[in-house]
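Reader: Before I use this model at the bench, I would like to go through the terms applied to it and hear what each of them rests on. Could we take them one by one?

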Amino acid sequence: MDKSDTDNINCLRCENEMVTANLLTYPSSSQPIVQRTRKGILSAPVQSGVKCLVCQKCGYIELRAEEPQKLKFRTE
Ligand SMILES: [Zn+2]
């Protein structure tokens with residue numbers, strides 16, 4: 001997987017270059033995750049961390065799964 005930071009993402013609104021930031025929730029300051037669950041004994045939940053990008057110009061925030069490939073169930 002390409003995890004380089006060179007593939008810069010531009011803001012969808014103003015096309016300014018976005019920077020990575022941490023999305024924290026107070027008071028626990030825990031990192032959010034995205035999780036998919038499915039019914040069935042063989043379907044363990046799949047999850048990924050969440051990557052947060054913020055535009056330093058207009059403040060637009062974009063959330064992306066850090067490892068989207070992990071959000072696939074084995075049978076998908
Ligand atoms: Zn922007």
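**Pairings, exposure and backbone**

Author: Let us begin with a single pair in this predicted model: Val50 has Ala65, a residue of S4, as its bridge partner. A second pair of this kind is formed by Leu53 and Glu62 of S4.

Reader: What makes S3 and S4 a pair of strands?

Author: Two strands count as paired once at least two bridges are found between them. Strand S3, residues 46-55, and S4 have five bridges in the antiparallel sense, so the requirement of at least two is met. The hairpin of these two strands has five residues between them, and there Gly59 takes a positive phi near 85°.

Reader: How do you know that S1 and S2 pair with S3 too?

Author: The count of bridges decides here as well. Strand S1, residues 18-21, is joined to S3 by four bridges and runs antiparallel to it, with Val54 of S3 as the bridge partner of Val19. Strand S2, residues 33-36, likewise has four bridges to S3 in the antiparallel sense, and here Gln35 has Gln47 of S3 as its partner. Because at least two bridges are required, S1 with S3 qualifies, and S2 with S3 qualifies as well.

Reader: Which elements does the chain contain, and in what order do they run?

Author: The chain has four strands and zero helices, and from the N terminus on the order is β-β-β-β.

Reader: Why is the chain called more spread out than a compact globule?

Author: The radius of gyration is 15 Å, whereas the globule rule gives 11 Å for 76 residues; the value is well over the rule, and therefore the chain is described as more spread out than a compact globule. Along its principal axes, the C-alpha trace spans about 45 × 35 × 20 Å. Buried residues make up 3% of the 76 residues, and of the contacts between residues at least 6 apart in sequence, 50% join residues at least 24 apart.

Reader: Why is Lys70 called partly exposed?

Author: A residue is buried with 20 or more other C-beta atoms within 10 Å and exposed with 12 or fewer. Lys70 has 13, so it falls in between and counts as partly exposed. Lys70 lies in the segment after strand S4 (61-65) and, residues up to four places away in sequence aside, touches Val46, Gln47 and Ser48. Between the C-alpha atoms of Lys70 and Ile41, which are 29 residues apart in sequence, the distance is 19 Å.

Reader: What puts Ile9 in its exposure class, and which residues does it contact?

Author: Ile9 has 14 C-beta neighbours inside 10 Å, and because this number is between the two limits, the residue is partly exposed. Ile9 belongs to the segment before S1. Beyond its neighbours within four places in sequence, Ile9 is in contact with Met18 and Leu53. From Ile9 to Glu62 there are 53 residues in sequence, but 10.0 Å in space from C-alpha to C-alpha.

Reader: Is Ser28 buried or exposed, and what makes it so?

Author: Ser28 has 7 other C-beta atoms within 10 Å, and since 12 or fewer is the limit, Ser28 is exposed. The residue sits in the loop between S1 and S2, and the C-alpha atoms of Ser28 and Gly40, twelve residues apart in sequence, are 32 Å apart in space.

Reader: Why is the backbone at Glu15 singled out?

Author: Most residues other than glycine have a negative phi. Glu15 is not a glycine, yet its phi is positive, at about 65°. Glu15 is found in the segment before S1, and with 11 other C-beta atoms within 10 Å it is called exposed, because the limit is 12 or fewer.

Reader: What kind of peptide bond joins Tyr26 and Pro27, and where is Pro27 placed?

Author: The bond between Tyr26 and Pro27 is cis, with an omega of about 5°, and Pro27 is in the loop between S1 and S2. Most peptide bonds are trans.

Note on methods
Residues are numbered from 1 along each chain as its sequence is written. This is a predicted model: local features need pLDDT of at least 70, side-chain atom pairs count only at pLDDT 80 or more; totals for chains, interfaces and linings use all residues. The radius of gyration is taken over C-alpha atoms; the globule rule is 2.2 Å times the number of residues to the power 0.38. Two residues are in contact if their C-beta atoms, placed from the backbone, lie within 7 Å.
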